[in-house]
Amino acid sequence: MVNCIICLDKNPITADNPLTDEHIVPEFIGGTLTAKNVCKICNSKFGHGFEGRLSNSFIFKISKQVYNISGKSKKTTSAFSGLYDHPSLGKIRVNDDNRVITLPSIDILEDDDGLDITLKIDKQDQHKAKSILAKKLQRVYAEKGKNYSDAQCSHAAGKILENAEKETFVTQPTLSGSFTVNRKDTLLLHLKISYELLVYHFGHNYIYDSVASNISESLFEQELKQELSFNFIENKVLEHLLDKDNVWVVISGNICNVMVFGFLSSLKFTETNSSFNTEEIILYKFDVKTGLHSMQTLA
Ligand SMILES: [Zn+2]
């Protein structure tokens with residue numbers, strides 16, 4: 001009997017490569033059901049491959065936030081956290097608590113009337129404005145060969161701020177952007193959930209099915225084989241039946257449907273004349289908030 005359902009023991013099971021607790025629905029989308037049937041090498045290849053890329057992608061980060069999934073690390077990170085350019089605020093940073101911080105910037109233009117200074121600073125950093133401006137002035141003057149002391153520059157900065165023409169406060173900046181969904185990685189995720197749940201449901205023997213061997217090979221290579229009959233679909237009946245908040249697997253006939261956050265895929269998992277072809281409709285629900293799962297059979 002082969003041990004690892006992904007590489008079919010191409011990576012032999014050893015003390016260094018034991019079978020690990022594989023999450024059928026990955027932890028990063030709230031799955032807790034595990035099976036000890038994937039070797040350490042294959043498990044870590046998923047983590048460094050499509051699973052790792054997806055867990056760091058915007059669409060999964062935002063889904064985690066919306067559905068309040070804590071996942072592996074209990075730390076909550078914002079899907080939006082990072083550095084951005086804002087058209088009027090300049091460089092901004094979004095923190096993990098979704099607070100927007102304007103990074104201090106000073107533009108100094110010199111014209112006939114003197115210096116034209118624009119200072120942008122976050123409200124919480126206002127007390128630093130004087131010292132930031134003083135340092136900048138010191139540098140600007142030094143470039144002109146004029147050396148002023150810290151105290152002189154600080155005094156000048158204070159005067160400039162006192163006489164500053166206007167203050168504009170932006171309290172709720174609008175941020176816009178775009179994101180992309182990696183179709184292939186998302187399909188690989190659906191294929192992995194389908195395959196591992198089919199093995200869980202039908203037992204280890206399913207891996208010897210002729211269609212299953214194309215599935216395990218696709219997962220092993222992380223490349224979708226041409227022979228697979230597998231894609232995202234639209235299905236009004238299923239989309240009505242299954243809510244978008246949870247992960248669902250529906251096994252019916254020789255088709256396995258997976259729905260993750262509203263994306264629905266359909267996989268032909270066996271031939272119609274095989275013993276795995278099922279008369280019933282088998283419905284698995286994975287509650288991503290509680291980590292609990294349930295199964296029901298519809299006649
Ligand atoms: Zn393996």
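Helices and strands in these notes are DSSP runs numbered from the N terminus, with at least four residues (H or I) for a helix and at least two (E) for a strand. I am working from a predicted model.

**Entry 1: residues with positive phi**

I looked up Q222 and placed it in the loop between α7 and β8 (230-232). Its phi is positive, at about 55°, although Q222 is not a glycine. I counted 16 C-beta neighbours inside 10 Å, so Q222 goes down as partly exposed.

I then turned to L8, which sits in the segment before β1 (19-23). L8 is another residue other than glycine with a positive phi, here near 50°. I noted L8 as partly exposed because it has 16 other C-beta atoms within 10 Å.

I also noted G145, just after α4, with a positive phi of about 85°.

**Entry 2: annotation and domains**

The UniProt annotation, from an unreviewed entry, reads "domain: HNH endonuclease" and covers residues 4-58. I found the end C-alpha atoms of that span 31 Å apart. Residues 4-58 are 29% helix and 20% strand.

The domain assignment splits the chain into domain 1 (19-73 + 181-298) and domain 2 (81-174). I have 51 Å between the centres of the two domains, taken over C-alpha atoms.

**Entry 3: helix α4**

Helix α4 runs over residues 129-143, 15 residues in total. From first C-alpha to last, α4 reaches 21 Å, close to the 21 Å expected at 1.5 Å a residue.

Which residues of α4 are buried? I listed A129, L133, A134, L137 and Q138. They cover an arc of only 160° around the axis, so they lie on the same side of α4. An α-helix has 3.6 residues a turn, so residues three or four places apart point the same way. On the other side of α4 I found R139, A142 and E143 exposed.

I checked what the buried residues of α4 pack against, and the partners are β6 (105-111), β7 (114-120) and α5 (150-162).

**Entry 4: Q138**

I followed up Q138, which belongs to helix α4. Why does Q138 count as buried? It has 20 other C-beta atoms within 10 Å, and the cut-off for buried is 20 or more. Leaving out residues up to four places away in sequence, Q138 touches Y148 and C153. I also took the C-alpha separation of Q138 and G82, which is 31 Å for two residues 56 apart along the chain.

**Entry 5: nonpolar cores**

In soluble globular proteins, nonpolar side chains tend to be buried together. I therefore looked for such groups here, and the largest nonpolar core has 45 residues. Within this core, L191 and V249 touch the most other members. Elements that each supply at least two residues of the core include β2 (34-39), α1 (40-48), α2 (50-55), α6 (183-202) and α7 (210-221). On the strand side, β9 (247-253), β10 (255-260) and β12 (278-286) also each give at least two. The most comes from α6, with nine residues.

I listed the contacts of V249, setting aside its neighbours within four places in sequence. They are I193, S194, L197, C256, V258 and Y284.

I found a second, separate core of six residues, among them L133, A134, C153 and A157. L133 and A134 are already in my list of buried residues of α4, and C153 was noted as a contact of Q138.

Methods. Residues are numbered from 1 along each chain as its sequence is written. This is a predicted model: local features need pLDDT of at least 70, side-chain atom pairs count only at pLDDT 80 or more; totals for chains, interfaces and linings use all residues. UniProt positions are given in the numbering used here, feature names are shortened, and annotations may be inferred rather than shown by experiment. The expected span of a helix is 1.5 Å times one less than its number of residues. A residue is buried if 20 or more other C-beta atoms lie within 10 Å of its own, exposed if 12 or fewer, and partly exposed in between; C-beta atoms are placed from the backbone. The arc is that of the directions from the helix axis to the C-beta atoms. Two residues are in contact if their C-beta atoms, placed from the backbone, lie within 7 Å. A nonpolar core is a set of buried Ala, Val, Leu, Ile, Met, Phe, Trp, Tyr and Cys residues joined through C-beta atoms within 7 Å. Domain bounds come from an automatic or database domain assignment.
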